[in-house]
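Visitor: I'm new here and I like to know the reasons behind the labels. Could you walk me through them?

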Amino acid sequence: MQLLILGQGKTGSQVAEVARERRHHVQTLGSIENNNCQALTPNFLDPFNAVIDFTTPTAAVPNIEACIRARKAIVIGTTGWYDHLPRLHEQAQSAGSAILYGSNFSIGVNLFFEIVRTAAAALNFDYSGQIFERHHAEKKDAPSGTAMVMQKIIREAAKKDLEIVSFREGDAVGMHELVFNSPADRIYLCHDSKSRRGFAEGAVRAAEWLVGKTGVYDFREIWRNL
């Protein structure tokens, strides 16, 4: 496939590396080349089978809109823009475009989400709980999209909200913890990303899956089909 990677940061660079390992043709664009989304014209996007976005929340929205206009499949690993999702969902449906987004493209994290859903039952048995998330100092959004999904899963499963505590320090790739406490014991669940490769592999596999489809998809709902 011909893939366009938006974002030349640590994760975007890892995505490009994984895509080349999987024998795709890759072009990358950074913030300078695509300032204010000026590079993403329909003519420029035409040769690409799919676009993968790992930029910033403010850059992701116009990038998505440009891909919708060009009817180009886009995978969005950027978080912090979900307030715009209902509007972009409607635009994509009207245009017959394809969007796949996710708070986290790691297969391990998506397995972790299922464990979180099961563990939420503890809140119905006199446990209290908190969510902790830790990322590198340059991450723009807090709390992380992954932590917010954990919070949503627990709300749906146990009808209770848990506080999220965020840390931004050093070069931490991403650690998410769920802690339940009771007078009798403590339950501690943790997913700790050792590198960005898991995010990158999931994003590239998602792009491979998305090509040829229309509609709007959440990675959490389709990852088993990759």
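What follows is a chat about how some of the labels for this predicted model are earned.

Visitor: Let's start with sulfur. How do you know that the structure holds zero disulfides?

Guide: A disulfide needs two cysteine sulfur atoms within 2.5 Å. Take C37: the closest cysteine sulfur to its own is in C67, and that is 7.6 Å away, so the gap is too far for a bond. The count for the structure is zero disulfides.

Visitor: Is C37 buried or exposed, and what makes it so?

Guide: Buried means under 20% relative accessible area. C37 comes in at 12%, so it's buried.

Visitor: And why is C190 called partly exposed?

Guide: That label covers the range between 20% and 50%. C190 has a relative accessible area of 33%, so partly exposed it is.

Visitor: On to helices. How do you know that the length of helix 6 agrees with its number of residues?

Guide: Helix 6 runs over residues 145-158, which is 14 residues. At 1.5 Å a residue they should span 20 Å, and the end C-alpha atoms are indeed 20 Å apart, so the two agree. Just after the helix, K159 takes a positive phi of about 60 degrees.

Visitor: Which elements do the buried residues of helix 6 pack against?

Guide: The buried residues include V149, M150, I153 and I154. Their partners are helix 5 (107-119), helix 8 (219-222), and strands 6, 7 and 8.

Visitor: What makes helix 5 and helix 6 roughly parallel?

Guide: Angles under 35 degrees count as roughly parallel. The axes of helix 5 and helix 6 cross at roughly 30 degrees and come within 9 Å, so the pair is roughly parallel. Their crossing is right-handed. Among the residues that meet there are F112, F113 and V116 from helix 5, and M150, I153 and I154 from helix 6.

Visitor: I107 lies in helix 5. Why is it called partly exposed?

Guide: Its relative accessibility is 34%, so it lands between the buried and exposed cut-offs. Leaving out residues up to four places away in sequence, I107 touches F219 and W223. The C-alpha atoms of I107 and H191 are separated by 11 Å, with their positions 84 residues apart along the chain.

Visitor: How do you know that helix 7 agrees with its expected span?

Guide: Helix 7 has 14 residues, 197-210, which should span 20 Å at 1.5 Å a residue; the end C-alpha atoms are 20 Å apart, so that agrees. Its buried residues include F199, A200, G202 and V204. Just after helix 7, G212 has a positive phi of about 90 degrees.

Visitor: Why are helix 1 and helix 7 called oblique?

Guide: Their packing angle is about 55 degrees, and the axes are 8 Å apart. That angle is outside the ranges for roughly parallel, antiparallel and perpendicular, so helix 1 is oblique to helix 7. The crossing is right-handed. Residues that meet include T11, Q14 and V15 in helix 1, with F199 and A200 among those in helix 7.

Visitor: One last residue: what makes A50 buried?

Guide: A50, in strand 3, has a relative accessible area of 0%, so it's under the 20% cut-off and counts as buried. Its contacts, not counting residues up to four places away in sequence, are Q2, L3, L4, A73, A207 and V211. Measuring C-alpha to C-alpha, A50 and G202 are 14 Å apart in space and 152 residues apart in sequence.

Methods: Residues are numbered from 1 along each chain as its sequence is written. This is a predicted model: local features need pLDDT of at least 70, side-chain atom pairs count only at pLDDT 80 or more; totals for chains, interfaces and linings use all residues. Side-chain values use heavy atoms; hydrogens and water are left out. Buried means under 20% relative accessible area, exposed over 50%, partly exposed in between (1.4 Å probe, protein chains only). Helices (H or I, at least four residues) and strands (E, at least two) are DSSP runs, numbered from the N terminus. The expected span of a helix is 1.5 Å times one less than its number of residues. Contact means heavy atoms within 4.5 Å. Axes are lines fitted to C-alpha atoms, for helices over the stretch in contact, and angles run from 0 to 180 degrees between N-to-C directions. Angles under 35 degrees count as roughly parallel, over 145 as roughly antiparallel, 65 to 115 as roughly perpendicular and the rest as oblique. A crossing is left-handed if the near helix is turned anticlockwise from the far one by less than a right angle, and right-handed if clockwise.
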